Amino acid sequence: MLDNMKYYKSLPIVTDDLMISFEPMLHQEKYFKAVKFYEEQKFELAVEGFEETLKEYYKAYERCKLMCEEKRESNKMLGRSGLYGVYVDVLSCRAQCPIELATVKGHTVDKYLARHYNYLQMSYWKAGQTLKAAECATTYLLLDPDDDNMIDNLKYFRWYSKANGEQIQARKEVIDYYREVTLESRLLHLAVMYTDEDNMAFSDELFEDADAPDSEEDKKDKGLQIAENAVVTMTEDKLNGSNRFVADQFISEEECKTLMDLARKTAKLGDGYNDRSMPDGKPFSFTEQETFEGVTPVSAAKAIMQGKVDIEPVDLYLNSSERMRDFVEDYFQLETPLYFSYSHLVCRTSLPGGMIEKQHISHPVHSDNCLLHHDGPGTCPKRSPAFTWRDYSALLYLNEDFEGGEFIFTHPNETIQAAVKPKCGRMVGFSAGVENLHGVLGVEGRRCAVALWFTMRVKHDEMSRWEAKKLVRQAKEKMVGKENLQQQFAKPDIQSHAEL
């Protein structure tokens, strides 16, 4: 059956999101039973139910990790990458365990593990156990530190119970879980950042002189063509602010055209990464004078499986965005690595009739991690619903054949500090706080760019990027030759057994 599944996966029409197991997991069954007790206000039973559910969750997590190791061990071929490849494969698999455990009938439940402690803190409170409620609130905040409501709950629990910090601590099993998931995510991030996994199995890179510089051909072969031609053309002085820069020649004109074509074939009207719409039901846009459409790494990768685009444009999308992140890290000399928070290839297109107003704003002035004017003119508090975990941002422009569309940095009163005219290969990078308020002037024509938001918090790493890379890798494997996979259909792998 495993061999048959390999064949099904090789078919272009079959994608990962179609392969769903409807067999309920034990921890999920117990979770929904506990939720029912809570809704019926049977809080003592709800406490017992959620505590039992958590035990089953952590058992399932350990089983998932072991299965990753067993799955990799079943592949006896180490390849040229040796133990490195084994370790990265296991890390990649284990990184998916929290997502798999939170997937119910094909849909991933947001903050699945944290929800348990949310229910528990209120169940314990209703059951009259304030210290236990405070413990669960503290544990929840370890998993989701930006929840303002839970912070307020914890303050109240502490006041009501007159307990100090030593009496109220997060649960040890969650501390261990959080540390393990965070460490493995960082290791996987470093493995991807500093090595080219796709090529390691087929090259002698590990056996060559580590100090020898790569030739230009080597860099092209490895897909590591760092933006050597990029030149920083505007710094903080010219841009009248701090922690901001403009670099030109980041990608070539040919690469700009490739990404523009990718947007043309795959961009989705609306915002590209959720289903928000306007009150009248029209696709989302920041202004009534333009359409707004975008492509995420996952939607681009799925377009390969659907036959809409080739692999190369999606590879360029992923690789160029990773080079942008590296450039931001280097320019600002960051000691902490940046993780992707969101990635978006976005196009704004003016509606027929041209720009009606000269002062038309395509994207209102805002900060990427705080709420501008929320507590009065010029204020920008860092709290929900702002993306408070975002630390840096970058934009890579793909064209210049339009009117308007300047990227602007502004003062808190929204007057312009500096304006940047987009053009192919021009990149803007900046820190995401109130010091870099920004917006976009109205566009007449079509304006496209790669927009990236970065975070230093590994818990907010863009997991969909890993899914996109997995889909691209699967597409490359299918190109190797479907006939080889079809020959294995319903047949044992005799060769591997012989080797054993």
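## A first link: Cys347 and Cys448

Let us start with a bond that you can find easily in the viewer: Cys347 and Cys448 are joined by a disulfide, with 2.0 Å from S to S. Cys347 belongs to strand 7 (residues 339-350) and Cys448 to strand 16 (residues 446-455), so this pair ties together parts that are 101 residues apart in sequence. The link of Cys347 and Cys448 is right-handed, with 115 degrees about the S-S bond. Cys347 is buried, and Cys448 is buried too.

Please keep in mind as you explore that this is a predicted model.

## The chain as a whole

Now step back to the full picture. The protein chain has 500 residues, and 45% of them count as buried. Its secondary structure comprises 18 helices and 16 strands.

How much surface does the protein chain expose? The figure is about 26,900 Å², and carbon and sulfur atoms supply 53% of that area. Contacts tell another part of the story: taking those in the protein chain with a separation of 6 or more, 76% are between residues 24 or more positions apart.

## More disulfides

How many disulfides does the structure hold? There are five. If you number the bonded cysteines of the protein chain in sequence order, they pair as 1-4, 2-3, 5-9, 6-10 and 7-8.

One of the five is formed by Cys64 and Cys97, whose sulfur atoms are 2.1 Å apart. Cys64 sits in helix 3 (residues 43-73) and Cys97 in helix 5 (residues 97-101), so the pair ties together parts that are 33 residues apart in sequence. This disulfide is left-handed because the torsion about the S-S bond of Cys64 and Cys97 is about -90 degrees. Cys64 and Cys97 are both buried.

Another disulfide joins Cys256 to Cys424, with 2.2 Å from S to S. Here Cys256 is found in helix 13 (residues 253-266), while Cys424 is in the loop between strand 12 (416-420) and strand 13 (427-431), so the pair ties together parts that are 168 residues apart in sequence. The link of Cys256 and Cys424 is right-handed, with 95 degrees about the S-S bond. Both of these cysteines, Cys256 and Cys424, are buried.

## Buried residues

Helix 1 (residues 2-10) is a good place to look at burial. Its buried residues are Asn4, Tyr7 and Ser10. Why do they lie on the same side of helix 1? They cover an arc of only 115 degrees around the axis, which puts them on that same side.

Cys136 is one more residue to look up. Is Cys136 buried or exposed? Cys136 is buried, because its relative accessible area is 0%, and a residue counts as buried under 20%.

## A nonpolar patch on the surface

Finally, turn to the outside of the model. Tyr87, Leu183, Leu187 and Leu190 make a nonpolar surface patch of about 360 Å². Which helix gives the largest share of this patch? That is helix 9 (residues 172-194), which provides three residues.

Leu190 has its place in helix 9. Leu190 counts as partly exposed because its relative accessibility is 36%, a value that falls between the cut-offs of 20% for buried and 50% for exposed.

Technical notes
Residues are numbered from 1 along each chain as its sequence is written. This is a predicted model: local features need pLDDT of at least 70, side-chain atom pairs count only at pLDDT 80 or more; totals for chains, interfaces and linings use all residues. Side-chain values use heavy atoms; hydrogens and water are left out. Patches are made of residues with over 30% relative accessible area and no salt bridge: like charges are joined within 9 Å, nonpolar side chains (Val, Leu, Ile, Met, Phe, Trp, Tyr) within 5 Å. Accessible areas come from the Shrake-Rupley method with a 1.4 Å probe; for residues, only the protein chains shown count as cover. A salt bridge is a side-chain nitrogen of Lys or Arg within 4 Å of a carboxyl oxygen of Asp or Glu. Helices (H or I, at least four residues) and strands (E, at least two) are DSSP runs, numbered from the N terminus. Buried means under 20% relative accessible area, exposed over 50%, partly exposed in between (1.4 Å probe, protein chains only). The arc is that of the directions from the helix axis to the C-beta atoms. Contact means heavy atoms within 4.5 Å. A disulfide is a pair of cysteine sulfur atoms within 2.5 Å.
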